[in-house]
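Let's take a walk through this structure together. Have the sequence and the 3D view open, and we'll go from the inside outward.

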Amino acid sequence: MWQSIALHFAADHPTAAGHFPSSPIIPGALLLDEVVAAIAGAVGRDVVVIRAAKFLQPVRPGDSLNLRWHSPNFVMVKFEGELAGRGIAMSGMLEISPRSA
């Protein structure tokens, strides 16, 4: 079952000023940081490894990303982020820590 959450990046996000001033985008490292934090918080476990990440189109300041994910085996988590009306912006796979005994 897919779970989802909306992530919003403010129009005046501080990374925008230095990340391509003439055509600002949200850096991939920040996108991944937000994805990891959202999924780890939702599943109540730590993300151990980012196994894969693809950036298919830019996320710009002011954009909202619909992040959805699922974990078929409770260890590997597939995710994708979609921009409303523009399609998939990013996708990937995370490995999460096993449940404590």
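A word we need right away is "buried": here it means under 20% relative accessible area, with over 50% called exposed and anything in between partly exposed. Keep in mind, too, that this is a predicted model.

**The helix and what covers it**

Start with helix 1, which runs over residues 28-43. Its 16 residues should span 22 Å at 1.5 Å a residue, and the end C-alpha atoms are indeed 22 Å apart, so expectation and model agree. Right after helix 1 comes G44, with a positive phi of about 70°.

Which residues of helix 1 are buried? They are L30, L31, L32, V35, V36, A38, I39 and A40. Some of the spacing in that list may ring a bell. An α-helix has 3.6 residues a turn, so residues three or four places apart point the same way.

And what covers those buried residues? The cover includes strand 1 (3-8), strand 2 (47-55), strand 3 (64-70), strand 4 (76-83) and strand 5 (87-96).

**The nonpolar core**

Now for the inside. The largest nonpolar core counts 23 residues, and I39, V59, L65, L67, F79 and L94 have the most contacts inside it. At least two residues of this core come from each of helix 1, strand 3, strand 4 and strand 5. Helix 1 is the top contributor to this core, giving 8 residues.

I39 is a handy place to zoom in. If you set aside its neighbours within four places in sequence, I39 touches L67, W69, V77, F79 and L94.

**Salt bridges**

How many salt bridges does the structure hold? The count is 4. Here are three of them, with the distance between the closest N and O atoms:

| Pair | N to O distance |
|---|---|
| D63 and R86 | 3.2 Å |
| R68 and E80 | 2.6 Å |
| E82 and R68 | 2.8 Å |

Take D63 and R86, which form a salt bridge. D63 sits in the loop between strand 2 and strand 3, while R86 sits in the loop between strand 4 and strand 5, so this pair ties together parts 23 residues apart in sequence. D63 is buried, at 12% relative accessible area, whereas R86 is partly exposed at 37%.

Next comes the salt bridge between R68 and E80. R68 belongs to strand 3 and E80 to strand 4, so the pair ties together parts that are 12 residues apart in sequence. With a relative accessible area of 19%, R68 counts as buried, because the cut-off is under 20%. E80, at 21%, is partly exposed.

R68 also has a salt bridge with E82. E82 lies in strand 4 and R68 in strand 3, so here the parts tied together are 14 residues apart in sequence. E82 is partly exposed, with 27% relative accessibility. Put these together and you get a network of salt bridges linking R68, E80 and E82.

**Out to strand 1**

To finish, look at S4, a residue of strand 1. Is S4 buried or exposed? At 51% relative accessibility, S4 counts as exposed, because the cut-off for that word is over 50%.

S4 still has company. Leaving out neighbours within four places in sequence, S4 is in contact with N66, L67, R68 and W69. Two of these names have come up before: L67 as a contact of I39, and R68 as a member of the salt-bridge network. As for I50, its C-alpha atom is separated from that of S4 by 18 Å, with their positions 46 residues apart along the chain.

Note on methods. Residues numbered from 1 in each chain as written. Predicted model: local features only at pLDDT ≥ 70, side-chain atom pairs only at ≥ 80, totals over all residues. Heavy atoms only, no water. Helix = DSSP H or I, 4+ residues; strand = E, 2+ residues; numbered from the N terminus. Expected span 1.5 Å × (residues − 1). Buried < 20%, exposed > 50% of the residue type's maximum accessible area, 1.4 Å probe, protein only. Contact = heavy atoms within 4.5 Å. Core = buried A, V, L, I, M, F, W, Y, C linked by side-chain atoms within 4.5 Å. Salt bridge = Lys/Arg side-chain N within 4 Å of Asp/Glu carboxyl O.
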